[in-house]
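Got the model open in your viewer? Let's walk through it, one selection at a time.

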Amino acid sequence: MPDPTGLELIAHELREHVAGSVADTQYYRGVATLVVNPERSLDVLRWLRDAPAQRYTFLSSLHGADYLPHEPRFGVHYELLNLDRIERIHVKALLADPGDLELPEIDSCIEIFPSADFQEREVYDMFGVRFRGHPDLRRILMPEDYEGFPQRRDFPLGGEPVLFTHNEHELPRWYE
Amino acid sequence: MSGAEQLAPGVSAERAPLDGASAGGTEHELLTINFGPHHPATHGVLRLLVTLEGEVVRDLKPFIGYVHTGIEKNCEDKSYWKVIPLIERMDYLAYYFNALVFCMCVERLLEEEVPPRAEYLRVIHCELNRIHSHLVWLGTSAMDLGAISVFWYCFRERDKVLDLFEASSGQRMHTRYVQVGGVFEDIPAGWDRKVLAFMDEMEQRVGQYEAMLDRNEIFLQRTRGVGGVPEPRLLELGVTGPLLRATGNPLDLRKAAPYSAYDQFDFRIPVGTVGDCYDRYRVRVAEIRESCQIVRQAVEGIPEGPHITANRKVALPPRHELATSMEALIHHFKLVTEGFRVPPGEAYVAIEGPRGELGCFVVADGSAKPARVHMRDPSFVNLQALRDMAIGGYVADLIVNLAMLDPILGGIDR
């Protein structure tokens, strides 16, 4: 992990190379976090991967989070790993909820890290974050005709009817 | 079946030329079939949409989610210590690892220290769990290749590991042994001798498995030179664990970023050379041996001391204190009813599971329940590499590739 000073240096260099990219830096419990502007997230990831002093070439995890009472509401997290120094940096892009039935959008990083394919689909499936440029953005874990995004914090827990023989008549034409 | 000319190392994606018919100008029709979801060789409920040209796989698309049970969502409605038994059921062959990575993540958020004896107990159980997971993998994979006797032998040893788990924690699977701040209870008297006796036996048994498979012509022909993917491509696809190490990259978080007590043991990281299915098999079998070494060192060198933190705000007080101490009773009541609160923040912790990097991401909002729990399951990410492994190969090799990938659908779907 970069220490707090190292994190500030990375943020400083990033601001020079990619204007308006870093919104904030956080250092908490040994985890260095770059909060980036979602519009520039691809440039940030590409710089972190390619800059000779950084070389965070391995995307170990991509996941979403919903910080519901807070704004901006959604977070897309990238856990990057430098394979030589085994150093992790956590990149976080916060997305506002556009409201109504609109979905929040961010650029897909599949060009930079092909391993993001399934994981972006999972974030789309669970949080309804649309990844621009993803070649095959479909639901991955939930059924393809499912409505709603179950991991959002305002999505209720439970209430899914489960089909048994005793209640199959309550779900008309369930077999279709 | 693949002929002798395809056994050369350094496998290319175009290793299976169309035989006879296409050379003669006959066109092959593409055939799209469903492989699974209910097929024993998919190791669970995985559906692959496979496009075949004759017997050659031309395209492949995995469909997952058939055992999606919403564990991550359910975790958000449970207090931290109640999440542990739930999260163990994700990757059902690596339950100690799931619980460990979640507890490590919560401990990082709480800044809770774990006593050294607990770290050793965690290592012992995790390595036994790795042996157990690899035994299930070896047995089922060999069975996919038609070697059914290996399955029985592996499950015989697996049962002994489960007996050890039962003796130390009361459960054979999903033991809820790892707790935030340490482990649930100390090992019973005489358990260490049982473990050492089993290690002696296990090392001998591994040699017997190898004797059954290493010189088995069918096994060699079906695994050597099959499914190789170059190391840079695997890294691009996020592949970790034995699949990556089979190509010669020694990335193992136990060595690279030691956690728990792994920096105190002497062990090696087995790596392969070309990264075909045979190397994957060799790496995993060698890992069983190294795990035996770690368990042996840990059992012999286990320090004395408490098995869980003395911080009563996090760990339950010992049972006998409840009868005499009012304070212990209050702590017990608070922990059992509400659970402990975790200050707001988020953390990602990764450990080396049997299948690769097992990561846990927890967002705490200051309450007694996590606001978000995400497991970066290695099977889920590794599954993306199946396409690269299988395309251009025979459909029979697809079975081998899938078996050597070792996907656990409970972990993929969560």
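Start where chain A and chain B meet: six salt bridges cross that interface, each being a side-chain nitrogen of Lys or Arg within 4 Å of a carboxyl oxygen of Asp or Glu. This is a predicted model, so local features need pLDDT of at least 70 and side-chain atom pairs count only at pLDDT 80 or more, while totals for chains, interfaces and linings use all residues. Residues are numbered from 1 along each chain as its sequence is written, chains are lettered from A and ligands numbered from 1 in the order written, and side-chain values use heavy atoms, with hydrogens and water left out.

**Stop 1: the interface**

Select Arg153(A) and Asp365(B). They form a salt bridge, with the closest N and O atoms 3.7 Å apart.

Now widen the selection to everything in contact (heavy atoms within 4.5 Å): you should pick up 41 residues of chain A and 49 residues of chain B. The area buried between the two chains is about 3600 Å², and carbon and sulfur atoms give 58% of that; buried area here is the accessible area (1.4 Å probe) lost on putting two parts together, summed over both. On the chain A side, click on Arg29(A), Phe118(A) and Leu141(A): these lose the most area to chain B, together 19% of what that side buries.

Switch on polar contacts and the interface shows 20 residue pairs, both residues at pLDDT 80 or more. The rule is a pair of N or O atoms within 3.5 Å; within protein, one must be able to donate a hydrogen and the other to accept it, and residues adjacent in sequence count only if both atoms are side-chain atoms.

Which elements of chain A supply at least two residues each to the side that touches chain B? Colour β3 (58–66), β4 (74–82), β5 (87–95) and α3 (116–127); helices (H or I, at least four residues) and strands (E, at least two) are DSSP runs, numbered from the N terminus. The largest share, seven residues, comes from β3(A).

**Stop 2: a pair inside chain A**

Select Glu105(A) and Arg132(A), whose side chains meet in a salt bridge (3.0 Å, N to O). Glu105(A) is in strand β6 (residues 105–107) and Arg132(A) in strand β7 (residues 130–132), 27 residues apart. Glu105(A) is partly exposed at 33% relative accessible area, and Arg132(A) is also partly exposed, at 32%. Buried means under 20%, exposed over 50% and partly exposed in between (1.4 Å probe, protein chains only).

**Stop 3: helix α11 of chain B**

Jump to α11 (residues 277–300) and pick Arg284(B). What is the nearest side chain of opposite charge to Arg284(B)? That's Asp406(B), 4.1 Å away; Arg284(B) is buried yet has no salt bridge. For charge, Lys and Arg count as positive and Asp and Glu as negative, with His and the chain ends not counted. Beyond its neighbours within four places in sequence, Arg284(B) is in contact with residues including His134(B), Trp137(B) and Met404(B).

On the same helix, Arg282(B) forms a salt bridge with Glu210(B), closest N and O atoms 3.2 Å apart. Glu210(B) lies in helix α6 (residues 191–213), so the pair ties together parts 72 residues apart in sequence. Glu210(B) is buried at 11%, whereas Arg282(B) is partly exposed at 28%.

Finish with Glu287(B) and Arg245(B), which meet in a salt bridge (2.4 Å, N to O). Both are buried. Extend the selection to Glu127(B), Arg130(B), Asp252(B), Arg254(B) and Glu352(B): salt bridges that share partners join these with Arg245(B) and Glu287(B) into one network.
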